[in-house]
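Visitor: I'm new to reading protein models. Could you walk me through one, please?
Guide: Gladly, let's take a look together.

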Amino acid sequence: MAAIADGSILAHDTRRDVVIGVLNVTPDSFSDAGEFLDPASARHHARRLVDDGADAIDVGAESTRPGAARISAGEQIARLREVLPAVCATGLPVSIDTTRAAVAEAALDAGATIVNDVSAGRDDPDLLPLAARREAVVVLMHMLGEPNTMQRNPHYDDVVVEVRDFLYERMAAAEAAGVPLDRIVVDPGIGFGKRLEHNLALLKRIDVLAALGAPVLVGPSRKSFIGELSGESQPTDRVAGTLAACLEARRGGARLFRVHDVKALRQALTVTAAIETARQTQTSAS
Ligand code: HH2
């Protein structure tokens, strides 16, 4: 785990699974609202993510759950001020989950090296040029509309093709802003303007997105489609469904997983990798 704090863990040549632990410094996130708003508990949770085997930590100060209220860049920065230095001190690469350039800049100044933008550079025109200047890794995520309205009757003719074309266009926009291809990660945006069937179609066809040539990140963690399928109303009780979604996405070529339950996913990935190795050993011996 040496020398990865610059975000190079996300580089294109890695075949390693990357587990990104979620740290929401928010009062209104859908599954961990208010838990880590106070800096001491945020620091404590960051250390726990490290102990649980996270490869990186994604810190956000604005909820993107359906219908969430927008908060200003200044308020996001205030929420993050005490938390970010402590999270960066863990030594893991730190990702900032924001659509605002000012927030991204404050996080990069504090030591973050990855910008996770759920608007894929559409919300703030300064974000991609900033990421380019600061040589940050950028996560470009698909979202239909915006958090306030995205779950109002989302419609696609072909969700996989439309998400792929959107990500292709945003990759081109990021490259035009100066972000090199080997610093771009793409994400289908599970739950962002998608019904159950859209989420399932995307998780089933990650290979189509992987063909774009950038590493694919998925963030199904505890999301409502798992509740729809299982009847589980408590997000914290959706861990098993989260693991299933991540492992299926991995079969299609997803390499990065943004999750709340790092320890459980790490274990699932370790077992999956061991079985794959056993299969390869068997095949080469026969
Ligand atoms: N999902 C959430 C937030 N950020 N970023 C990426 N790249 N991909 C995702 O799927 C994704 C994301 C929503 O989850 P969470 O942070 O737990 O909730 P909230 O937005 O309510 O804080």
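We will talk about the ligand's surroundings and then about cysteines.

Guide: This is a predicted model, where local features need pLDDT of at least 70, side-chain atom pairs count only at pLDDT 80 or more, and totals for chains, interfaces and linings use all residues. Residues are numbered from 1 along each chain as its sequence is written, and side-chain values use heavy atoms, with hydrogens and water left out.

Visitor: Which residues come nearest to the ligand?
Guide: A residue is near a molecule if one of its heavy atoms lies within 4 Å of it. Here 18 residues surround the ligand, and Ser29, Ser63, Thr64, Asp187 and Lys223 come nearest.

Visitor: Which side chain has an N or O atom 2.6 Å from a ligand oxygen?
Guide: A polar contact here is a pair of N or O atoms within 3.5 Å. The side chain of Thr64 has such an atom 2.6 Å from a ligand oxygen, and for the side chain of His260 the distance is 2.8 Å. Gly219 instead uses a backbone N or O atom, 3.2 Å from an oxygen of the ligand.

Visitor: How many disulfides are there?
Guide: A disulfide is a pair of cysteine sulfur atoms within 2.5 Å. The whole structure has zero.

Visitor: Is Cys246 buried or exposed?
Guide: Buried means under 20% relative accessible area, exposed over 50%, and partly exposed in between (1.4 Å probe, protein chains only). Cys246 is buried because its value is 0%, and Cys88 is buried at 17%.

Key: A polar contact is a pair of N or O atoms within 3.5 Å; within protein, one must be able to donate a hydrogen and the other to accept it, and residues adjacent in sequence count only if both atoms are side-chain atoms.
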